[in-house]
Amino acid sequence: MQKRALGTNGLEVSALGLGCMGLSFGYAPIPDRNQMITLVREAVEQGITFFDTAEAYGDDNEVLLGEALEPMRDHVVLATKFGYRNGDFSQGLDSRPQRIRLVAEQSLKRLRTDRIDLFYQHRVDPSVPIEDVAGAIKELMAEGKVLHWGLSEAGVQTIRRAHAEQPVTALQSEYSMMWRQPEEELLPTLEELGIGFVPYSPLAMGFLSGRFNKQSCFNDDDIRRDISRFTPQNLDANQVLVNLVREIATEKNATPAQIALAWVLAQRPWIVPIPGTTKLNRLEENLGAVEVSLSADELKNLKDALEKIEVSGDRYPPRDDTRATM
């Protein structure tokens, strides 16, 4: 597996990470726990060293990851997140310094480790100055409990203020062929400051793999059920994007998912996408994206084609507090 440096603070990880939310949260049906432990360990065998979880994914997500990775802890990078009241998306934001410390201590126990390699603020809390958040992180770093810190879905002004207080290693945000807004201000700012970029949903919650069409149905406890991108009308309207990816995949003897991931990887050498999966065959398929090369001409043609496609539907429900915060 190829390695990449996440920014300029010395954190090196596999070129692809594994987003672990779906191992026990978010996408129905919830898979068998023992099978997910096997999948995580197989990911390590296949060369993945970067694993992403969060307090808000439920206690068992960190517990599962901690159990799976304990035998090879020194060979992997664990990233987790704080920022929601009582670790519950529905209860709103809470990044008070005392809460950050509490989450760190609890995550260390659940992850069966003595340090968090990368500790993200899950969403910016407008009621707590980012300087106070950075100060709390600085204390945890001084104690060796946190090695690097990052932000998620933060705007460029917040990133600059946070970075001035305590250098930020990585910024996590949604980024894919379907959601390219980070290209406008975010990527240039990260490049200027030497901050790595960790795109989540690089396959647009599976859409870019070509798995869904207007006949697709989602269970009541599947988060896609409440996202307008996944209504039958918008699934149908957005097939033009899937068709583009399929066309390139055929030309490159690859799968649509591999093309979508290869495109993200090609944007900057300090980008490390974290696609999630609960299936071994999908894990192996995603890993194949690292070997897919897109030429400068192919990337330009893709850019031109993507700019002509208007994506239908929002990436989150209107009630969800997930927009980037200034």
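What follows is a walk through the overall fold, one helix and four single residues. The structure is a predicted model, so local features are taken only at pLDDT of at least 70 and side-chain atom pairs only at pLDDT 80 or more, while totals for chains, interfaces and linings use all residues. Residues are numbered from 1 along each chain as its sequence is written, and side-chain values rest on heavy atoms, with hydrogens and water left out.

Starting with the whole chain, the protein has 11 helices and nine strands, where helices (H or I, at least four residues) and strands (E, at least two) are DSSP runs numbered from the N terminus. Its radius of gyration is 19 Å, close to the 20 Å that the globule rule gives for 326 residues, so the protein is as compact as a globular protein of that length. That radius is taken over C-alpha atoms, and the rule is 2.2 Å times the number of residues to the power 0.38. Along the principal axes, the C-alpha atoms fill a box of roughly 50 × 40 × 40 Å.

Burial comes next: 57% of the 326 residues count as buried, with buried meaning under 20% relative accessible area, exposed over 50%, and partly exposed in between (1.4 Å probe, protein chains only). The accessible surface comes to about 13,900 Å², and 46% of that belongs to carbon and sulfur atoms; the areas are from the Shrake-Rupley method with a 1.4 Å probe, and for residues only the protein chains shown count as cover. Contacts (heavy atoms within 4.5 Å) reach far along the chain: among those between residues at least 6 apart in sequence, 75% join residues at least 24 apart.

As for charge, there are 36 positive and 48 negative side chains, and the centres of the two sets lie 1 Å apart. Lys and Arg count as positive and Asp and Glu as negative, with His and the chain ends not counted; each charge is placed at NZ of Lys, CZ of Arg, CG of Asp or CD of Glu.

Zooming in, helix α9 covers residues 256-267, and its 12 residues reach 17 Å from first C-alpha to last, close to the expected 16 Å. The expected span is 1.5 Å times one less than the number of residues. The helix is mostly covered, with 10 of its 12 residues buried. Among them are P256, I259, W263 and L265. The partners of this buried set are β1 (3-6), β9 (196-200), α8 (239-252), α10 (280-287) and α11 (296-307).

V264 sits in α9 and counts as buried, at 0% relative accessibility. Beyond four places in sequence, V264 touches Y175, S176, P199, P202, I271 and P273. D52 is 212 residues away from V264 in sequence, yet the C-alpha atoms are 18 Å apart in space.

Y175 and S176 turn up again with S201, which touches both of them as well as E174, leaving out residues up to four places away. S201 belongs to the loop between β9 and α7 (232-237) and is buried at 15% relative accessibility. H163, in helix α5 (residues 156-165), is buried too, at 18%. Its contacts outside four places in sequence are V168, L193 and I195.

N86 gives an exposed case, at 53% relative accessibility. This residue lies in the loop between β5 (77-82) and α3 (97-110). Setting aside neighbours within four places, N86 is in contact with E55, Q91 and R99. From N86 to L306 it is 220 residues in sequence and 40 Å in space, C-alpha to C-alpha.
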